[in-house]
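Hi,

Here is the structure I promised to send over. Have a look at it first, and then read on for my notes.

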Amino acid sequence: MTLASIFPHPIIQGPTAGGFNTPAQVAAVSNTGALGSLACCLLSPEAIRAQTAQIRALTDRPFCLNFFAQETPKPSAAEVEQAKEWLKPYWSSFGWTELPTPAKWCEDFSAQFETLIALRPAVASFTVGILSVQQIQRLHDAGIFVIGTITHVEEAIAWESRGADAVIASGVESGGHRGTFIGAQEDAKLGVFELLPAVIAAVNIPVIAAGGIMDGADIKRALNAGAQAVQMGTAFLVTDEATVNPAYRQRLLTAGDHPTRLTRAFSGRYARGLENRFMREMAAIERQLPPYPVQNALTSPIRAEAAKRGESELMSLWCGTGVARARPMPAAKLVETLLAEISAI
Ligand SMILES: Cc1cc2nc3c(=O)[nH]c(=O)nc-3n(C[C@H](O)[C@H](O)[C@H](O)COP(=O)(O)O)c2cc1C
């Protein structure tokens with residue numbers, strides 16, 4: 001099955017976890033003939049069902065549900081205590097006497113997976129891990145088109161050999177978490193226009209380009225390089241339907257030449273965002289922090305409080321290297337603008 005037979009316009013609105021990516025945004029994008037995707041990694045099965053129902057009330061076009069294909073970790077008590085101690089300067093600056101420890105580190109992926117099968121969206125995409133042959137077969141039996149996210153060639157071959165229908169080649173420019181699941185995250189450094197030809201040469205399934213793609217010229221370049229579509233996260237993060245905290249949105253819209261950087265400090269997995277004080281101060285110890293999602297869950301109350309106070313220096317300001325070119329407008333208008341730019345070239 002080709003991507004164009006599912007969604008005619010070669011544009012995927014990238015899933016953006018953290019509550020930014022709304023059912024209204026997904027439906028608005030899918031209604032244009034591009035593909036909207038909903039980030040489900042932080043959602044309970046009930047929330048996934050509720051948000052999918054909201055999308056279905058707004059569109060009858062195909063859309064994508066997206067997940068972190070992850071194991072639930074079991075950190076030791078000592079590891080958690082050490083991590084809380086490292087974070088003490090931040091939580092104690094709010095006047096707190098203790099950093100709240102969450103009831104669970106993350107949503108259970110196997111429960112999310114069963115919910116996905118029952119909901120049968122046209123498309124499902126995955127990152128930070130890989131599914132088994134049996135899981136991919138179950139998705140196919142449910143009529144779901146399966147897309148894996150990769151950061152280097154070996155991962156693309158792994159997804160293809162297990163039966164995936166397409167891969168997203170995520171260049172180092174990409175905002176948010178690196179999807180690396182084979183080898184060290186630090187080693188997956190290729191930019192999208194280096195990664196793309198290498199992946200296209202290695203697999204026989206459609207390849208979708210992601211990372212720093214912000215306008216029609218970028219899309220055209222990716223299509224000319226052999227991509228069948230692009231996935232854009234940062235560009236859609238500033239659309240009207242995304243629910244981004246005002247302080248974060250302000251930083252995105254005034255990013256200018258402020259650098260983005262990959263950091264483990266917020267979540268325990270490398271992710272790209274605008275550099276700020278928290279990243280700088282934690283840089284020296286970031287390799288010692290517990291892995292995702294433990295560190296992510298521990299910093300979550302700090303980031304939520306910082307967001308409440310509008311303190312963007314302590315918030316995770318996830319975005320890709322193209323952030324200075326992000327244009328605020330309704331999501332459907334962005335798709336229309338991108339299509340006009342592509343056809344004007
Ligand atoms: C705030 C934010 C959250 C993201 N969350 C997810 C996610 O939950 N799942 C996923 O597969 N990709 C996620 N991504 C990656 C995007 O879907 C997309 O692949 C990436 O943003 C493309 O690079 P760009 O930011 O340069 O456009 C996220 C990106 C950002 C900026």
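Before anything else, keep in mind that this is a predicted model. I started with the surface: the protein chain has an accessible area of about 13500 Å², and carbon and sulfur atoms account for 53% of that. On the charge side, there are 29 positive and 32 negative side chains, and the centres of these two sets lie 2 Å apart.

Now for the overall build. You'll find 15 helices and eleven strands in the protein chain. The C-alpha trace spans about 55 × 45 × 40 Å along its principal axes. The radius of gyration is 19 Å, which agrees with the value near 20 Å that a compact globule of 345 residues would have. Of those 345 residues, 57% are buried. I also looked at contacts between residues at least 6 apart in sequence, and 67% of them join residues at least 24 apart.

The domain assignment splits the protein chain in two. Domain 1 takes in 3-70, 107-244 and 323-344, while domain 2 is made up of 73-105 and 256-318. In other words, domain 1 comes in three segments and domain 2 in two. Their centres, taken over C-alpha atoms, are separated by 26 Å. Where the domains are in contact, 19 residues come from domain 1 and 14 residues from domain 2.

I picked out two residues for a closer look.

Alanine 34 sits in the loop between helix H2 (23-32) and strand S2 (35-39). Is alanine 34 buried or exposed? Its relative accessible area is 1%, under the 20% cut-off, so alanine 34 counts as buried. Which residues is alanine 34 in contact with, once neighbours within four places in sequence are left aside? The list is Phe7, His9, Ile11, Val29 and Val335. For a sense of distance across the model, the C-alpha atoms of alanine 34 and glutamate 194 are 25 Å apart, with these positions 160 residues apart along the chain.

Lysine 308 belongs to helix H14, which covers residues 294-309. With a relative accessibility of 69%, over the 50% cut-off, lysine 308 counts as exposed. From the C-alpha atom of lysine 308 to that of leucine 195 there are 39 Å, and the two residues are 113 apart along the chain.

That's what I have so far. Have a browse when you get a moment.

Cheers

Notes:
Residues numbered from 1 in each chain as written. Predicted model: local features only at pLDDT ≥ 70, side-chain atom pairs only at ≥ 80, totals over all residues. Heavy atoms only, no water. Helix = DSSP H or I, 4+ residues; strand = E, 2+ residues; numbered from the N terminus. Rg over C-alpha atoms; globule rule 2.2 N^0.38 Å. Buried < 20%, exposed > 50% of the residue type's maximum accessible area, 1.4 Å probe, protein only. Contact = heavy atoms within 4.5 Å. Areas by Shrake-Rupley, 256 points an atom, 1.4 Å probe, with all protein chains shown as cover. Lys, Arg positive; Asp, Glu negative; His and termini not counted. Charge placed at Lys NZ, Arg CZ, Asp CG, Glu CD. Domains from an automatic or database assignment.
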